[in-house]
Amino acid sequence: MGKRICRRKYDWCRKKGGTADAKALQKQESVVEHLTISIPLNKVKLSTVDQVDAHESDQPLIISIHLDKMLRESGCLKLPSQRTLREYRHIGTASQGFSRLLDEQLMKAAEIDTLELWQKCVILILDEMSIHEDLVYDKHSGELIGYTNLGDINNHLLAFEKSLSDPGPPEIANSMLMFMVQGLFIPLQFPYCQFPCCSVTGDLLFKPIWEAVYRIERCGFQVLGITFDGAPANRRFLKLHNASSSHAITYKVQNKYDPQRFIYFFSDPSHLIKTARNCLASSARHMQYKGKSITIKHIEEVYYIDKGNSIGLSLLPKIKLEHIKLTAFSKMRVDLATQLLSESVSKALHLLGGPDAEETANFIALFDKFFYSFNVSNYTEANRHRKPFRQPYRSSDDFRLDWLQNEFLGYLTKWEEHVNGIEGINAKTRKSMLLSPQTLLGLKITVNSFVEMVKYLFSLEGVKSFLSNRISQDPIEKFFGCQRQRLSTNENPNAYEFSKSTETLRVVNSICRPSVHGNCRATATTDTIDLAKERRPLHKRRSHRKTL
């Protein structure tokens, strides 16, 4: 529909203004292609200038914001006014925290009444985004937006703690804590709520996380997991659930709102791949196993050997210097980490690296399989790439579950035992010979939680397959990318701008395209427009007319 409109508008511009105007229109459309809005077609009236085929009156018309302005000025289409569209974008008020309206929007977005029991399984994803420290007066509520707000109880605790040390006004938030609900079997990615915060701790996370679980369960969903990164506050949150004084790993907790189920904790697999690669490249670490070093220097040597060959065929076509010489920015890129810890690099090390690079090759091969076990996103790429670890999970007896629990975790356990058995070294040197404690903890938590949750999922009636990338933080990272796009060059909005953009993105989330240069790749299941779903009428803000 959109392409036909653009083409007809292009032809019309050629007749009226010449080829130059038409090319300018085409160039402008290519630049702003990712900025789209959705308009119900029954609100559009066609003029005599041009006609557009409309087979169904309730199908939405998706056009760019700049094209909307051009079509309005040209008279080609009679589109709804900006005031009408405002009623759809601002169905609710920009607010922080939980609300009954958000619960209703979540249930409508998932169509909770039409789902079966196994389709109601969701996980809660949380992450932080840096925002600009600023205060904005909200004329609707009469409040100053921008102070830290983690709920009434946490706000009182923070105020009391601040009064003991440095009495003064509340702290201004410099980050936004975002909660997102991700469906395990349905394409649900709903930005649930946000909290402006400043240096949040694990103690302060406890109440909002469990209140979110309670409200989502009350809406009719089943919360099976919580995904976060390896921040110190998140690790502290996990320790709060370990009632005993033992050093046992806490990877699940009983759901106090449904004692028959557990809630499993996950550390984002993409984050773990990055930290594992950073440990491999760190000059402060001297990892080794069975007397052989595990270091990025082996990859660097093979890279230069492969680059200097005169045959013209490369064993490492994707590996560049930026994969090896890491900067502060490249350390955060997931694509560089996955390409470095790949099967092709492992095979090149076995072929050209010699005996000294054997353990480095084994390390890379294990993490390549680990990543693809947690990154299954569709049903066809395993056959296309001929990699069995990228197959969808279809039973509780999948071979990858046994591989993760026995071979992968077994490798990490034997590695720790080997290093701990070395005599004559201090504790600091012993730690430098292993992965960082935070990475090891995240790997163990994620693998144990994933194995048990997958077995539970296939015990539910109706579950036939499962895609493992549904537990990753990619949806919330893409949402943050859309937030930054909303404000053009202002990549760090303040708390008020973030909340206003979130209200709009909740309405157009299904057609919001993430950044092309983002840290997460696009997927066919989540980043395409489902026209069948978009035929549903959008919810509109109620008008409050004053009566005399």
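The following dialogue concerns the reading of cores and of one helix in a predicted model.

Reader: How many helices and strands does the chain have, and what percentage of its residues is buried?

Author: The secondary structure comprises 21 helices and 14 strands. Of the 548 residues in the chain, 48% are buried. Among contacts with a separation of 6 or more, 72% join residues 24 or more positions apart.

Reader: How should one read a nonpolar core, and which residues of the largest one touch the most other members?

Author: In soluble globular proteins, nonpolar side chains tend to be buried together. Here the largest nonpolar core holds 85 residues, and W415 and F466 touch the most other members. Helix α16 (residues 399-420) supplies the largest share of this core, nine residues. Another core, of 41 residues, lies apart from it and includes L106, L124, F190 and F221.

Reader: Which residues does W415 touch, leaving aside those up to four places away in sequence?

Author: W415 is in contact with M287, Q288, Y289, I294, F363, M433, L434 and L435.

Reader: How should one read a helix such as α9, and is it mostly covered or uncovered?

Author: An α-helix has 3.6 residues a turn, so residues three or four places apart point the same way. In this structure, helix α9 (residues 269-281) reaches 19 Å from its first C-alpha to its last, close to the 18 Å expected. The helix is mostly covered, with 10 of its 13 residues buried; among them are L272, K274, R277 and L280.

Reader: Against which elements do the buried residues of α9 pack?

Author: Their partners are strand β12 (262-267) and helices α10 (297-307), α12 (334-340), α14 (358-373), α18 (437-457) and α19 (474-486).

Methods:
Residues numbered from 1 in each chain as written. Predicted model: local features only at pLDDT ≥ 70, side-chain atom pairs only at ≥ 80, totals over all residues. Heavy atoms only, no water. Core = buried A, V, L, I, M, F, W, Y, C linked by side-chain atoms within 4.5 Å. Buried < 20%, exposed > 50% of the residue type's maximum accessible area, 1.4 Å probe, protein only. Helix = DSSP H or I, 4+ residues; strand = E, 2+ residues; numbered from the N terminus. Contact = heavy atoms within 4.5 Å. Expected span 1.5 Å × (residues − 1).
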